[in-house]
Structure formats: C-alpha cells, structure tokens
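Got the viewer open? Load the model below and follow along, one selection at a time.

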Amino acid sequence: MENAIVVDDLVVDRGRRTVLHGISCAVAAGSVTGLLGPSGSGKTTLMRAMVGVQKIRSGSVRILGQPAGSAPLRSQVGYLTQAPSVYADLTVRENARYFATLVGQDAAEADRVVRDVGLAVAAGQLVGNLSGGQRSRASLACAVIGRPRLLVLDEPTVGQDPVLREELWQQFHALASGGATVLVSSHVMDEAGRCERLLLIRDGHLIADDTPSGVLASAGADDLDGAFLRLIQRAATATSPATATATDEGAQ
Ligand SMILES: Nc1ncnc2c1ncn2[C@@H]1O[C@H](COP(=O)(O)OP(=O)(O)OP(=O)(O)O)[C@@H](O)[C@H]1O
C-alpha cells in the first residue's frame, strides 16, 4: 500500500531541548493510525512537523509525496489542533462557512461537516457559548471541510462523552474507507484498539510501530494499556544505564 506519510530520521528541537530524536516511520494511505504516548512525549510536535508548521533540525517529512508544508498540500491536509481553533464570536455555521471559503468550498459543504460532527442542533449558536466538547467538534468540523486526503487530529476525542466518541471513531473509519488517511493522537489507550496501526512514542523516541495485535504480542500483554506500560518500562530500562551514569556524575 502507498504511504501517505513518510518520516525519515526526524530531529526536532523545541526551546533548548531536543524533543524528537531521529524518528522514522511511515503511515499507509487510507488507514486509521493512532499516535500514542505519555504526556510530553512529542506527539503534538511530530504532528506539527507533519503538517509543516514545526521547524525541524534534520531529517525529512514527506506528505502525499511532497515535502511537509509545501503549497500544494494546503487543501489536502486537515489539521485539528489540541486547542480549539474556531472563532468564539461566530456561530458554528459561520465558522464552518468561513473556513469553507478559505479552501474554495461552498456553504453546502460547510453544513455537511457541521451535521457530520453532530452539531446540527447547535449550528446557530455562538462558539463562545458551547461546551468544551462541542467546541472541539466545531474545530473538527472545520478540519474536515473539503474532504482532505490526510487528516491529522490531535486528541480529537478528549472531553467527549462515550456515545460521541463512538460516533467520532465511526467517522474516522468512514473517512478512511473513502480513501483518506487519518492520524489520531490520544492518551487513552482503549482508543488504540480502534486503530489499524499504532505508533507509540516515548521521550521523543518511537518505541513501537505495529498493529494492535502486534503490540500485544511483542509486549506479551493481554490488553493495550498493559502492553504500553510494558513497552514504556522496557524502553526506560534500555536507557537507564546512561541516566544512572549522568546522575552519579552529577552527584560528584
Ligand atoms: N513551545 C515550546 N517550547 C519549548 N518546549 C516545548 C514547546 N512545546 C512543547 N515543548 C516541549 O516539547 C516536548 C514535547 O511536547 P509535545 O507537546 O509534542 O508532547 P505531547 O506528547 O503532545 O504532550 P501532550 O500529550 O501533553 O499534549 C515536551 O517536553 C514539551 O515540554
């Protein structure tokens, strides 16, 4: 299968620290892939590099065959940031219609995405008056306008109730069945089982790139929660001698 995302030996510094240490991975076109890892492990930074808004130190990121961030990708990549990126003083419908015009889409397309994220009843409401979960869905609606070929979704299900989370996951799979590639970050390990492929990141290192069943098998665990804990502990053990040396030296 063709790859929608190819990351090769990516190194990213933020502030004075290196936060991605030579990440290499590929995401198959038309798949739903989960990007998982503890808080601060580098998920958002990796997603930012994929959509071309993150300065990188070295390595490369290619999206749909082009360098990340290149002009032809603008209408082909939808990005949902963690913080809602819609205007609080516009209604849901006005936001969607505004973002639709930016990518050359019409009002009907704006109304479709509002319906698809379950916000038809709140379409006329100001975004500033919505609940947190509704506001995230308003942002999601704007990210999927025009049916982008790649969707990069940073924690799209945070703050959503179980029913809505279920619906959102069904939508992600429907988008992938329609040919889109969907990359979803999450802290919630029970969501990992809904993905065809998983990328697990810890401290800026990729520690697993496998199917959910492959992750279970390599960790020797019964559930994904347990598997991730084991893989994270294994990775920590593998790096601990260096940590111990640094601590010892620091103490002297
Ligand atoms: N603007 C910034 N300046 C300096 N360091 C940053 C900046 N943004 C993030 N970092 C650091 O980069 C590292 C990776 O952060 P990132 O936001 O990519 O992690 P994450 O896995 O997405 O975390 P979370 O799940 O909590 O959102 C963290 O150590 C974080 O403190």
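Start with strand 6 and strand 7: they run parallel and are joined by four bridges. Bear in mind as you click around that this is a predicted model. For one place where the two strands meet, pick Gly78, which has Leu151 of strand 7 opposite. Now show all of strand 6, residues 77-80. Is each face covered or open? Both are covered: Val77 and Tyr79 are buried on one side, and Gly78 and Leu80 are buried on the other.

Next, follow strand 7 (150-154) out into the loop that leads to helix 5 (162-177), and stop at Gly159. What does Gly159 touch beyond its neighbours within four places in sequence? Its contacts there are Gly132, Gly133 and Ser136. Try a distance label on Gly133: from C-alpha to C-alpha, Gly159 is 5.2 Å away, although 26 residues separate the two in sequence. With 15 other C-beta atoms within 10 Å, Gly159 comes out as partly exposed.

Now select helix 3, residues 107-116, and colour its buried residues: Ala110, Val113 and Val114. Turn the view until you look down the axis of helix 3; those buried residues fall within an arc of 100 degrees, so they line one face of the helix. What covers them? Helix 2 (92-102) and helix 4 (132-143) are among the elements that do. Before leaving, click on Gly118, which follows helix 3 and has a positive phi, near 80 degrees.

Time for the open sheet. Its four strands come in the order 2-1-4-5, with antiparallel pairing. Strand 2 (17-28) and strand 5 (66-67) are at the edges with a single partner strand each, so one side of each has no neighbour in the sheet. Helix 1 packs on this sheet, where it touches strand 1, strand 2 and strand 4, and its direction makes about 120 degrees with that of strand 1.

Zoom in on strand 1 (residues 3-14) and strand 4 (residues 58-63), an antiparallel pair held over five bridges. Pick Asp8 and its bridge partner in strand 4, Ser60. Then move to Asp9, also a residue of strand 1. Its phi is positive, near 50 degrees, and this is not a glycine. Is Asp9 buried or exposed? Asp9 is exposed, with 11 other C-beta atoms within 10 Å.

There's another aspartate to compare. Jump to Asp203, in the loop between strand 9 (197-202) and strand 10 (205-210). Asp203 also has a positive phi near 50 degrees without being a glycine. Here the count is 17 C-beta neighbours inside 10 Å, and Asp203 is classed as partly exposed.

Last stop: the ligand. Select what surrounds it: Arg14, Gly15, Val19, Gly37, Ser39, Gly40, Ser41, Gly42, Lys43, Thr44, Thr45 and His187. Which element gives the most to this shell? That is helix 1 (residues 43-51), with three residues. Colour the shell by residue class and you get nine polar residues, two charged and one nonpolar.

Notes. Residues are numbered from 1 along each chain as its sequence is written. This is a predicted model: local features need pLDDT of at least 70, side-chain atom pairs count only at pLDDT 80 or more; totals for chains, interfaces and linings use all residues. A residue is near a molecule or strand if its C-beta atom, placed from the backbone, lies within 6 Å of it. Ala, Val, Leu, Ile, Met, Phe, Trp, Tyr, Cys and Pro count as nonpolar, Asp, Glu, Lys and Arg as charged, and the others, Gly among them, as polar. Two strands pair if DSSP finds at least two bridges between them. Two residues are in contact if their C-beta atoms, placed from the backbone, lie within 7 Å. Axes are lines fitted to C-alpha atoms, for helices over the stretch in contact, and angles run from 0 to 180 degrees between N-to-C directions. A residue is buried if 20 or more other C-beta atoms lie within 10 Å of its own, exposed if 12 or fewer, and partly exposed in between; C-beta atoms are placed from the backbone. The arc is that of the directions from the helix axis to the C-beta atoms.
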